[in-house]
Structures are given as structure tokens and as C-alpha cells.
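Colleague: Please take me closely through one part of this structure. Then connect that part to its surroundings, and tell me where to be careful.

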Amino acid sequence: MAFLSTRAMLVLGVSMAVALHCAAAATHTVGGTSGWIIPTTNSLLYTSWAANNTFKVGDTLVFNFAANAHNVLQVTKTNYDSCTATSPLKTYSTSPATVNLTESGPQYYICGYPGHCTGGQNLTITVSAASTSPTSSTNTSTSTSNASYHSISSLTAWMAMLFAVAAVFFGIQA
Ligand SMILES: [Cu+2]
């Protein structure tokens, strides 16, 4: 009986971990505490920031910047690569600029002030599809997006930890 109840706890724990992981829509503050600046001391500020975040449909980007010193332009890849501020897809002029991620795929942001984009004030992210159901554990197995890697690794870590606890528990019992 002790075995069954512990198994039930394991299943519950794993289910909760999956549910919590998949249900949360995140808010990402671009550049962290640095905000949206010309990165003078760390030219890879936004590259490394993006690499350390996972973006999903339903998440939100927040750009914090000094008034009338910067703006946020969403642009095409071509205009991103060339730092071209003309004909942006979207323009955000007021801080904090809040961007809702409604589509999966790559997104490109630059500052439209002269010299800022070429100075490193540019950001590209890849948005993954949101989970189709907030609580189903089948999400991780059916998803084909990049987000599944994170979910699976998180799930695996949880399961490994829980089974380790169980192993210790049964080891002590036996
Ligand atoms: Cu700027």
C-alpha cells in the first residue's frame, strides 16, 4: 500500500510540474535591469539575453527605455540585418513598450534612433507555439516546436528528482 500511495504522489507531482510549466504566460523584460539601451559595455547584451529566455505565444515583452531617447521598431529580417528604420512593421514610442507575442516564429526589433541599432540596440527572438491545452501532459509529446525541448527537459528533471526521492525512500524502507 505504501508503494501505491507513493506512486500516486509521484504521478501527482509530475502532473503538477507539467501543468505549472505549460500554463504560465511569461513577461520578459528586455535586457533585464539594463532595459532597452545602446549596449556600450556588452555588445552582446540582447543576444545573450534572448538566449537565456524562452519565448512562447501568449508571452509579453516589455521594453523599458528613457523617454524621447529611444523607441522600439519591429522590422523585417532584411531591415533588421541592415538596421533600416524606415517602414517598420510596428512602432512603439512610449516606455514601457509592451509587446504581446501573438505569433510563432522569428521576430526582429531595433531602435529607430540614428546609430542606435548599429550600436547594438537590436533584438531578435524566436517565438514558439503555445501549448494547446494548459494542463494536459500530452503537450510535451505532441508539440513539435522548440518549446518542447524545454518542457521535456524540465519534465525529465522533475521525474528524475522524484524517482530519486522515491528510491531513497524505498531504500530506507527495505
Ligand atoms: Cu535607441
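**The five-stranded sheet and its neighbours**

Modeller: Strands β4 and β7 pair in the antiparallel sense, over three bridges. Strands here are DSSP runs of E, at least two residues long; helices are runs of H or I, at least four residues; both are numbered from the N terminus. Pairing takes at least two DSSP bridges between two strands. One residue pair in this match is Q74 opposite Y109 of β7.

This is a predicted model: local features need pLDDT of at least 70, side-chain atom pairs count only at pLDDT 80 or more, and totals for chains, interfaces and linings use all residues. Residues are numbered from 1 along each chain as its sequence is written.

Now widen the view. The sheet is open and has five strands, in the order β2-β8-β7-β4-β5, with mixed pairing. Its edges are β2 and β5 (90–92), each pairing on one side only.

Look next at β8, residues 122–128. On one side, β7 (residues 105–110) pairs with β8 in the antiparallel sense over six bridges. There, G105 has V127 as its bridge partner. On the other side, β2 (residues 55–56) runs parallel to β8, joined by two bridges. K56 has S128 as its bridge partner in β8. Five of the seven β8 residues are buried, so the strand is largely enclosed by the rest of the structure. Buried means 20 or more other C-beta atoms within 10 Å of the residue's own; exposed means 12 or fewer; partly exposed lies in between; C-beta atoms are placed from the backbone.

The sheet also feeds the core. The largest nonpolar core holds 23 residues, and W36, F63, V72 and I110 have the most contacts inside it. Such a core is a set of buried Ala, Val, Leu, Ile, Met, Phe, Trp, Tyr and Cys residues joined through C-beta atoms within 7 Å. α2 (45–51), β3, β4 (72–75), β7 and β8 each supply at least two of its residues. Take W36: leaving out residues up to four places away in sequence, it touches V30, G31, F63, N64, F65, H70, V72, C111 and Q121. Contact means C-beta atoms, placed from the backbone, within 7 Å.

Past β2, the chain enters the loop to β3, where G58 is found. G58 counts as partly exposed because it has 16 C-beta neighbours inside 10 Å. Beyond four places in sequence, G58 touches A25, L101 and A130. E103 lies 45 residues from G58 in sequence, yet 8.5 Å away C-alpha to C-alpha.

β3 belongs to a second sheet. That one is open, with three strands in the order β1-β3-β6 and mixed pairing. Its edge strands are β1 (27–29) and β6 (97–100), each pairing on one side only. The twist averages 20° from one strand to the next, with axes fitted to C-alpha atoms (for helices over the stretch in contact) and angles from 0 to 180 degrees between N-to-C directions. β3 (residues 60–63) and β6 run antiparallel, joined by four bridges. T60 stands opposite N100 of β6.

Now the caution. Mean pLDDT (the predictor's confidence in each residue, from 0 to 100) is 78 for the chain, and 61% of its residues reach 70 or more. Residues 135–156 have pLDDT below 50, and this stretch has 31 contacts in the model beyond near neighbours in sequence. Residues 158–169 also stay under 50, with nine contacts beyond four places in sequence. Where pLDDT is low, the predicted coordinates should not be read in detail.

Conventions. Contact = placed C-beta atoms within 7 Å.
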